[in-house]
Amino acid sequence: MVRVSEKGFDMRISKYCIPTAFIALGVLSATSSFSLAQSAPTAIEAKAPAGVYKLDPTHAALLWSVKHNKISNYTVRFDKLEATLKLDPAKIENSSIEASIDATSVATAQPADYKATHASSPYQTWVEEISRDPTLLNSDAHPKITFKSSKVIPTGRTTADVTGDLTFLGVTKPVTLKATFNGEIDSHPFAGVPAVGFAAEGSFSRTDFGQPLGFVGPEVTIRFDGEFIQDPSAK
């Protein structure tokens, strides 16, 4: 879900609305409270009604990190993320998630004067280079990173493996995320409808999507946390 070099990146969110389809890569958790009977998972214990839930972008975060100099993890986030969760608490395997990340919405903790140390760079800021450079996120050619789940397998009372297609740099490959159900409320304090919370974590090799190795490690780690608000008008 990400192009990287000797840098890293991160993810945040947009605003409460009915978004379009992510993850990806940032991206994505689709699940609710899970129940396990012996070796076979049973019905979940969530009270949230089945239906369509939209990510609340003001209460969500999507971050990615890569190994830097072999001694630390460089972490960045995206500021604009949309996701739609179709939740079936009675049969969690029927649940699904689609997410879309704006690859231009990179946010980093870069306090230095970028041009002072990179006079020859065609970019004005470090964020712009991460987003637009052809060896990194290449957002001019691929402005969106998307994730669409294909399978949800419960693994515990509150966990599930969510496998789906990650499209990054124009390449689509399967990626599995470890999803965790964090809780639910009967009525969102502002929206007045049910809401659920999920976290998800996973990793993939960025070189599998055509990104050159560069000065950072090949593995990208994704971390997501967010609240999903039911959309009664959606089907």
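Reader: Which residues touch the most other members of the largest nonpolar core?

Author: This is a predicted model. Its largest nonpolar core holds 47 residues. Strand 4, residues 51-68, gives the most to this core, with six residues. The members that touch the most others are Val196 and Phe228.

Reader: Where does Phe228 appear among the ring pairs?

Author: The structure holds six aromatic pairs. Some of these link rings into a cluster, and Phe228 belongs to it. The cluster consists of Phe181, Phe198, Phe224 and Phe228.

Reader: What is the angle between the planes of Phe181 and Phe198?

Author: A pair of aromatic rings is described by the distance of the centres and the angle of the planes. For Phe181 and Phe198 the centres are 5.5 Å apart. The pair counts as tilted, and the angle between the planes is 55°.

Reader: Why does the pair of Phe181 and Phe198 tie together separate parts of the sequence?

Author: Both Phe181 and Phe198 are buried. Phe181 belongs to strand 11 (residues 171-185), while Phe198 belongs to strand 12 (residues 195-205). The pair therefore joins parts whose separation in sequence is 17 residues.

Reader: How many helices and strands does the chain have?

Author: The chain consists of 235 residues, and 50% of them count as buried. Its accessible surface comes to about 10,700 Å², with 52% belonging to carbon and sulfur atoms. The elements along the chain are two helices and 13 strands.

Reader: Is strand 6 largely enclosed by the rest of the structure or largely exposed, and how many of its residues are buried?

Author: Strand 6 covers residues 81-87, seven residues in total. A residue counts as buried under 20% relative accessible area. Strand 6 is largely enclosed by the rest of the structure because the number of its residues that are buried is five.

Reader: Which residue of strand 6 is the bridge partner of Lys54?

Author: Strand 4 and strand 6 pair in the antiparallel sense. Four bridges make up this pairing. The partner of Lys54 in strand 6 is Thr84.

Reader: Which residue of strand 7 stands opposite Ala83?

Author: Strand 6 is also joined to strand 7, and the two run antiparallel. Six bridges hold this pairing. Opposite Ala83, in strand 7, stands Ala99.

Reader: Which backbone nitrogen does the side chain of Ser149 reach?

Author: Ser149 sits in strand 9, residues 144-154. With a relative accessibility of 12%, Ser149 counts as buried. Beyond its neighbours within four places in sequence, its contacts are Ser96, Ile97, Val162, Thr163 and Gly164. At 2.9 Å, the side chain of Ser149 reaches the backbone nitrogen of Ile97.

Reader: What separates the C-alpha atoms of Ser149 and Val162?

Author: Along the chain, Ser149 and Val162 are 13 residues apart. Val162 is nevertheless among the residues in contact with Ser149. The separation of their C-alpha atoms is 6.6 Å.

Reader: Which backbone nitrogen does the side chain of Ser105 reach?

Author: Ser105 is in the loop between strand 7 (96-102) and strand 8 (106-107). It counts as buried, at 6% relative accessibility. Outside its neighbours within four places in sequence, Ser105 is in contact with Arg77, Phe78, Asp79 and Lys80. The side chain of Ser105 reaches, at 3.1 Å, the backbone nitrogen of Lys80.

Reader: Which backbone nitrogen does the side chain of Glu128 reach?

Author: Glu128 belongs to helix 2, which covers residues 126-132. Aside from neighbours within four places in sequence, Glu128 is in contact with Tyr123 and Asp133. Its side chain reaches, at 2.8 Å, the backbone nitrogen of Gln124.

Reader: Is Lys70, with its positive phi, buried or exposed?

Author: Most residues other than glycine have a negative phi, and most peptide bonds are trans. Phi of Lys70 is near 65°. Lys70 lies in the loop between strand 4 and strand 5 (72-78). With a relative accessible area of 78%, Lys70 is exposed.

Reader: Is Leu169, which also has a positive phi, buried or exposed?

Author: Leu169 is not a glycine, yet its phi is about 60°. Its place is the loop between strand 10 (159-168) and strand 11. The relative accessible area of Leu169 is 10%, so this residue is buried.

How values were computed:
Residues numbered from 1 in each chain as written. Predicted model: local features only at pLDDT ≥ 70, side-chain atom pairs only at ≥ 80, totals over all residues. Heavy atoms only, no water. Buried < 20%, exposed > 50% of the residue type's maximum accessible area, 1.4 Å probe, protein only. Contact = heavy atoms within 4.5 Å. Polar contact = N/O pair within 3.5 Å; in protein donor to acceptor, adjacent residues only side chain to side chain. Core = buried A, V, L, I, M, F, W, Y, C linked by side-chain atoms within 4.5 Å. Phe/Tyr/Trp six-rings, centres within 6.5 Å; stacked < 30°, edge-to-face > 60°. Areas by Shrake-Rupley, 256 points an atom, 1.4 Å probe, with all protein chains shown as cover. Pairing = 2+ DSSP bridges.
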